[in-house]
Amino acid sequence: MTRLTGIAASDGIAIAKAYRFVQPDLTFAKTTVHDIEAEQKRLAAALAKAEQELIVIRQQTLEKFSAEEAAIFEAHLLVVHDPELIGPINQKIADEAVNAEYALHEVTSMFVALFEGMDDEYMSARASDIKDVTNRILAHLLGVHIPNPSNINEQVIIVANDLTPSETAQLDRNYVLGFITDIGGRTSHSAIMARSLEIPAVVGAGVATTTIQDGDTIIVDGLTGQVLVNPSADVIADYQEKAQKYRVQQAEWSTLVNEQTVSKDGVHVELAANIGSPNDLDGVLRHGAEGIGLYRTEFLYMGRENLPSEEEQFTAYKTVLEGMKGKPVVIRTLDIGGDKHLPYLPLQEEMNPFLGHRAIRLCLDQQELFRTQLRALLRASVYGNLKIMFPMIATIQEFRAAKAILLEEKEKLIAGGVAVGSSIEVGMMVEIPSTAVMADIFAKEVDFFSIGTNDLIQYTMAADRMNEKVSYLYQPYNPAILRLIQMVIKAAHQEQKWVGMCGEMAGDEHAVPLLLGLGLDEFSMSATSILKTRALLKQLSVPEMQTLATEALQLATAEEVLEKVKQAVK
Ligand code: PEP
Ligand code: MG
């Protein structure tokens, strides 16, 4: 048995066979061939296998996802059949007596370069189709396997170097029982999505893809970050028991689903959920959330080939607002960039994407994109209790500019006779240290703050949240972070504004006592953490936690703070 240790990213225990989601090595050498006809037959055989594979994938995608997603593979099939592409490859093999791999690569690269150079959205999508199909044909020529998670039809644990948020979104929960990645941290978006999909996960396990083979038996312990490869029958039995205990614990928590969240001394705080799509609503209601504290709308823009229309966005926002039946719903405007990309919105390569042209910076620059989203939000606002939040605000001018655009769109809609909610709160994320330090100034102009500790910690500690080598600096209990949080809460309360937290810290069992003591009003987290947190808050008294927080603020290290919390809350 081999044991790997990573970062516990999503609670729960899963035991199943490994499925490696690792791109194969597609390198090849140029060779001279003597039997032209045999080489062309080899190409034809690879094309036939690629075609067969695509027909199956298209069908499975249609059954498991949607016609829109299946259309991607329809386009790939067209490429496989395209005589204008296949003809020149065969010609090249004949004219130059070269191997099929080389001829394929040369011809398709020419088309890709041509289409990419056209600066046209449709053509650049075609270029990306040709690249994908070329890799599939190459894999068949080389006799290697391209993994395809939508092809999975047995229960597995995915092992990957990393999963993009859109790859994570496409995992089928019926088959994918857990996942392990080499890189990433607790706040990388694949980890966040694993929690909303309720799939146990360990990220940042370093050598998972080099250690684990397809078909190995794997235990993923998302509670501790342990991964066990080919464990003995005894170890499997131990973990089955541990998984059973966890299920019993969950059943106990679930009795709190319809209860209010109150501390031991009767103080109410709000427990809200973070979501990425209207599909998450079911989990939100099942786990008894009192609202939605963060709807990450960027997921609506991801895993597709074009921008979502105003109508599509309106429908998604309306669904969430109606589903929450008047409970507060904080919808965050587009936060793209960092580790989240849109294939159809070519952004410049950046040295430091997390410090780059992302979120509100991009929206203020590409205003049509922003205005479309704001119109959809404003139109949806009449269907529930909407609060709009801007991400990655660094300066007061950015907040003012974003709010001014929102008000302009609102005026225009009203002038056109469209109904818009009359009391939409407008707030901002506090995730850049400049805004925490200047919270007193911001508090006069915003309706609320939501502290985004995933980014606030990475920017305060200068530690990339995607880099497992510096993940030890993700220190929510560090007094530096606690002091910033205190500044934000004090400044907001001074102006009678409320403060939430939607970073992962809000659902961290050792941070919750401190946050209660610091006066946080709303805690927003993965839906799966809500009941556990409600049970915890019932045991805490506000005056005691105030004393704990005051003492913690004076300590020197995160370790000392953690120790103090553990002593105070047994
Ligand atoms: C945060 O930064 O804490 C946050 C909630 O936003 P995201 O994780 O989407 O960057
Ligand atoms: Mg953030």
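**Metal site**

I began with the two acidic residues at the metal, and I find that glutamate 431 and aspartate 455 are both buried. I keep in mind throughout that I am reading a predicted model. The magnesium ion, ligand 2, is coordinated by Glu431 through OE and by Asp455 through OD, at 2.0 to 2.1 Å. I then looked up where the two residues sit, and the pair links distant parts of the chain, with glutamate 431 in the loop between β13 (425-430) and α16 (433-437) and aspartate 455 in helix α18 (residues 453-461), 24 residues apart.

**Barrel**

Next I traced the sheet, which is a closed barrel of eight strands in the order β9-β10-β11-β12-β13-β14-β15-β16, with parallel pairing. From one strand to the next I note a twist that averages 25°. For one pair I went down to the bridges: strand β9 (residues 270-275) and strand β10 (residues 292-296) run parallel to each other and share three bridges. Alanine 273 has isoleucine 292 of β10 as its bridge partner. I also noted that helix α12 (residues 310-323) packs on the sheet, where it touches β9, β10, β11 (328-332) and β12 (385-390), and that its direction makes about 160° with that of β10.

**Nonpolar cores**

Which residues touch the most other members of the largest nonpolar core? I list Ile292, Tyr295, Tyr317, Phe390, Phe449, Ile485 and Phe523, out of 101 residues in that core. Helix α19 (residues 479-494) gives the most to this core, with eight residues. I took phenylalanine 390 for a fuller contact list and, leaving out residues up to four places away in sequence, I find among its contacts Thr333, Ile360, Phe370, Leu374, Phe399 and Ala402, together with Val426, Gly427, Met428 and Met429. There is also a second, separate core of 32 residues, which includes Leu26, Ile93, Tyr102 and Ala139.

**Strand β7 and its partners**

I then turned to strand β7 (residues 217-221), in which five of five residues are buried. Checking the two faces separately, I see Thr217, Ile219 and Asp221 on one side and Ile218 and Val220 on the other, and both faces are covered. On the pairing of β7, strand β3 (residues 13-21) runs antiparallel to it over five bridges, and alanine 16 stands opposite isoleucine 218 there. Strand β8 (residues 226-229) is likewise an antiparallel partner of β7, over four bridges, with aspartate 221 opposite glutamine 226. The hairpin of β7 and β8 has four residues between the strands, and in it glycine 225 takes a positive phi near 90°.

**Loop residues**

Where is alanine 97 placed? I find alanine 97 in the loop between α3 (83-96) and α4 (100-116), and I flagged it for a positive phi of about 50° although it is not a glycine. Alanine 97 counts as buried because its relative accessibility is 19%, and the cut-off for buried is under 20%.

I flagged glutamate 198 as well, a residue other than glycine with a positive phi near 60°. Glutamate 198 lies in the loop between α7 (189-197) and β6 (201-203), and at 27% relative accessibility it counts as partly exposed.

Is asparagine 478 buried or exposed? Asparagine 478 has 13% relative accessibility and therefore counts as buried. I place asparagine 478 in the loop between α18 and α19, where it touches Met461 and Ala558, not counting residues up to four places away in sequence.

**Annotated spans**

Last, I compared two record entries with the model. UniProt, in an unreviewed entry, lists residues 251-540 as "domain: PEP-utilising enzyme C-terminal". In the model, that span is 41% helix and 14% strand, and the C-alpha atoms at its ends lie 21 Å apart. The unreviewed UniProt entry also gives "coiled-coil region" for residues 33-60. Over residues 33-60 I read 89% helix and 0% strand, with the end C-alpha atoms 38 Å apart.

Technical notes:
Residues are numbered from 1 along each chain as its sequence is written. Chains are lettered from A and ligands numbered from 1 in the order in which they are written. This is a predicted model: local features need pLDDT of at least 70, side-chain atom pairs count only at pLDDT 80 or more; totals for chains, interfaces and linings use all residues. Side-chain values use heavy atoms; hydrogens and water are left out. Donors are N, O and S atoms within 2.8 Å of the metal (3.2 Å for Na, K and Ca); water is not among the atoms, so sites may look incomplete. Buried means under 20% relative accessible area, exposed over 50%, partly exposed in between (1.4 Å probe, protein chains only). Two strands pair if DSSP finds at least two bridges between them. Axes are lines fitted to C-alpha atoms, for helices over the stretch in contact, and angles run from 0 to 180 degrees between N-to-C directions. Contact means heavy atoms within 4.5 Å. A nonpolar core is a set of buried Ala, Val, Leu, Ile, Met, Phe, Trp, Tyr and Cys residues joined through side-chain atoms within 4.5 Å. UniProt positions are given in the numbering used here, feature names are shortened, and annotations may be inferred rather than shown by experiment.
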